[in-house]
Amino acid sequence: MAFQYFDDDKSIGPAELDLLQEVFLELCRNASVDPQGPEGMTLAQSLISLFKSGFRSKQELIYMSQETPLSEPAGDDN
């Protein structure tokens, strides 16, 4: 994936999960994406990857997620 600058081993705690869920649901709503569908899965994977890459604020996650196409599954380099 092109945006993995570093991948820390810090676990994702409850506060971070709440943030990721809030961003995820907002992005799904704004893009009319089914959270349970394939695009929702791709978005969720992308958000976790972005978070682990160092993007930790709501604004950063939203901005960077909008730069990532939902049509390609996260982690698929083919």
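What percentage of the 78 residues in the protein chain is buried? Buried residues make up 35% of the chain. The model is predicted, and the legends below go from the whole chain to single residues.

**Figure 1. Overview of the protein chain, with three helices and zero strands.** Read along the sequence, the elements follow the pattern α-α-α. Helix α1 covers residues 14-31, α2 covers residues 38-52, and α3 covers residues 58-66. Among contacts with a separation of 6 or more, 68% join residues 24 or more positions apart. The accessible surface of the chain is about 5,100 Å². Carbon and sulfur atoms account for 52% of that surface.

**Figure 2. Confidence of the predicted model along the chain, with an average pLDDT of 83.** A pLDDT of at least 70 is reached by 74% of the residues. Of the elements, helix α1 has the highest mean pLDDT, at 96, and helix α3 has the lowest, at 93. Over residues 1-5 the pLDDT stays under 50. For this stretch the model has 14 contacts beyond four places in sequence.

**Figure 3. The largest nonpolar core, a set of 15 residues.** Val23, Leu27, Leu43, Leu47 and Leu61 are the members that touch the most other members. Helices α1, α2 and α3 each supply at least two residues of this core. The most come from α1, which gives six. Close up on Val23, the residues touched beyond four places in sequence are Leu47, Lys58, Leu61 and Ile62.

**Figure 4. Helix α3 and the residues buried in it, namely Leu61, Ile62, Met64 and Ser65.** The cover over the buried residues of α3 includes α1 and α2. Leu61, one of these buried residues, is also listed among the core members that touch the most others.

**Figure 5. Close-up of Ile62 in helix α3.** Ile62 has a relative accessible area of 15%, so this residue counts as buried. Which residues does Ile62 contact, leaving aside neighbours within four places in sequence? The contacts are with Val23, Glu26 and Leu27. Leu47 lies 15 residues away from Ile62 along the chain, and their C-alpha atoms are separated by 8.7 Å.

**Figure 6. Close-up of Leu19 in helix α1.** Is Leu19 buried or exposed? Leu19 is buried because its relative accessible area is 19%, and the cut-off for buried is under 20%. Not counting residues up to four places away in sequence, Leu19 touches Arg56, Lys58 and Leu61. Leu19 and Ser57 are 38 residues apart in sequence, with a C-alpha to C-alpha distance of 8.2 Å. Lys58, touched here by Leu19, is also touched by Val23.

**Figure 7. Close-up of Arg56 and Phe51, with a charged group over a ring.** The charged end of Arg56 sits over the ring of Phe51. The distance to the centre of that ring is 4.4 Å. Arg56 is also one of the residues touched by Leu19. How many aromatic pairs are counted? The count comes to zero.

**Figure 8. Close-up of Ser32 in the loop between α1 and α2.** Ser32 is not a glycine, yet its phi is positive, at about 55°. The relative accessible area of Ser32 is 68%, and therefore Ser32 counts as exposed.

**Figure 9. Close-up of Ser11 in the segment before α1.** Why does Ser11 count as exposed? Ser11 counts as exposed because its relative accessibility is 59%, and the cut-off for exposed is over 50%. The C-alpha atoms of Ser11 and Lys52 are 9.1 Å apart, for a separation of 41 residues along the chain.

Note on methods:
Residues are numbered from 1 along each chain as its sequence is written. This is a predicted model: local features need pLDDT of at least 70, side-chain atom pairs count only at pLDDT 80 or more; totals for chains, interfaces and linings use all residues. Side-chain values use heavy atoms; hydrogens and water are left out. Rings of Phe, Tyr and Trp (its six-membered ring) pair if their centres lie within 6.5 Å; planes under 30 degrees apart count as stacked, over 60 as edge-to-face and the rest as tilted. A charge sits over a ring if NZ of Lys or CZ of Arg is within 6 Å of the ring centre and within 35 degrees of the ring normal. pLDDT is the predictor's confidence in each residue, from 0 to 100. Helices (H or I, at least four residues) and strands (E, at least two) are DSSP runs, numbered from the N terminus. Contact means heavy atoms within 4.5 Å. A nonpolar core is a set of buried Ala, Val, Leu, Ile, Met, Phe, Trp, Tyr and Cys residues joined through side-chain atoms within 4.5 Å. Buried means under 20% relative accessible area, exposed over 50%, partly exposed in between (1.4 Å probe, protein chains only). Accessible areas come from the Shrake-Rupley method with a 1.4 Å probe; for residues, only the protein chains shown count as cover.
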